[in-house]
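Reader: I should like to examine selected local features of this model. Please show the sequence and structure before we begin.

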Amino acid sequence: MTGNQLRKIFDKTDGHCHFCGDRIIFELRGFHPKGKRGYWEVDHVIQRRKGGTSSVANYLPACTRCNRLRWHRRGNQIRELLFLGIIARDEISSRTLIGKILAQLKWERLKQNMGRRTLKNQIGKLRIG
C-alpha cells in the first residue's frame, strides 16, 4: 500500500479511530506490543472473507486496540462490547461485588491467554528448531 493510499484512509476520519474516536498519528501506523496510544492499522469495513475488497474505499483507520478487539465482530457487536466494558470498568473501580467477580474473571482470562501464547510460542520453536 502506498503512502498516498494510507493518507487517504487516514484522512477519512480526520486522524481518529473509526471505532472509539481516539486521535491516531499518521506516522505511527502498525502494532505496538504495549498498546501505546496513537498507533493505528488499516481496517477492512467489509472483511475479505465476506466479500470485501482490498481497496481504499473499503478501508478505515482504527487504533490498534480497537482493531485487535474487533476480529470478526460487526459494528453493533462492537458497540455492545464497548458499552458493557464501560459498565464492567466502573463496577471494578467501585469495588462492588459484581466488580470483584469481574476482576477475578478478567484475571483468569488473562492467565488463559498467556498460557495459549506460551504454548503457541513453544510449538513454533519446535517447528523451527
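Reader: In which helix is the place of Ile-87, and is Ile-87 buried, partly exposed or exposed?

Author: The model is a predicted one. Ile-87 belongs to helix α3, which covers residues 75-94. Buried requires under 20% relative accessible area and exposed requires over 50%. With a relative accessibility of 39%, Ile-87 is partly exposed.

Reader: Which residues form a nonpolar patch on the surface with Ile-87, and what is their accessible area together?

Author: The patch joins Ile-87 with Phe-83 and Leu-84. Taken together, the accessible area of these three residues is about 290 Å².

Reader: How many disulfides does a search of the whole structure find, and why is Cys-20 not bonded to Cys-66?

Author: A disulfide requires two cysteine sulfur atoms within 2.5 Å. The closest cysteine sulfur to that of Cys-20 is in Cys-66, at 3.7 Å, which is too far for a bond. For Cys-63 the closest is likewise in Cys-66, at 3.5 Å, again too far. The number of disulfides found in the whole structure is zero.

Reader: Is Cys-63 buried or exposed?

Author: The limit for a buried residue is under 20% relative accessible area. Cys-63 has a value of 8%, so Cys-63 is buried.

Reader: Where is Asn-58 found, and from which residue does a backbone oxygen lie 2.8 Å from a polar atom of the Asn-58 side chain?

Author: Asn-58 sits in the loop that links β1 (40-44) to β2 (59-63), and Asn-58 is buried at 8% relative accessible area. Beyond four places in sequence, the residues that Asn-58 touches include Asp-43, His-44 and Gly-52. The backbone oxygen at 2.8 Å from the side chain belongs to Thr-53.

Technical notes
Residues numbered from 1 in each chain as written. Predicted model: local features only at pLDDT ≥ 70, side-chain atom pairs only at ≥ 80, totals over all residues. Heavy atoms only, no water. Buried < 20%, exposed > 50% of the residue type's maximum accessible area, 1.4 Å probe, protein only. Helix = DSSP H or I, 4+ residues; strand = E, 2+ residues; numbered from the N terminus. Polar contact = N/O pair within 3.5 Å; in protein donor to acceptor, adjacent residues only side chain to side chain. Contact = heavy atoms within 4.5 Å. Patch = residues over 30% accessible without salt bridge, like charges linked within 9 Å, V, L, I, M, F, W, Y side chains within 5 Å. Areas by Shrake-Rupley, 256 points an atom, 1.4 Å probe, with all protein chains shown as cover. Salt bridge = Lys/Arg side-chain N within 4 Å of Asp/Glu carboxyl O.
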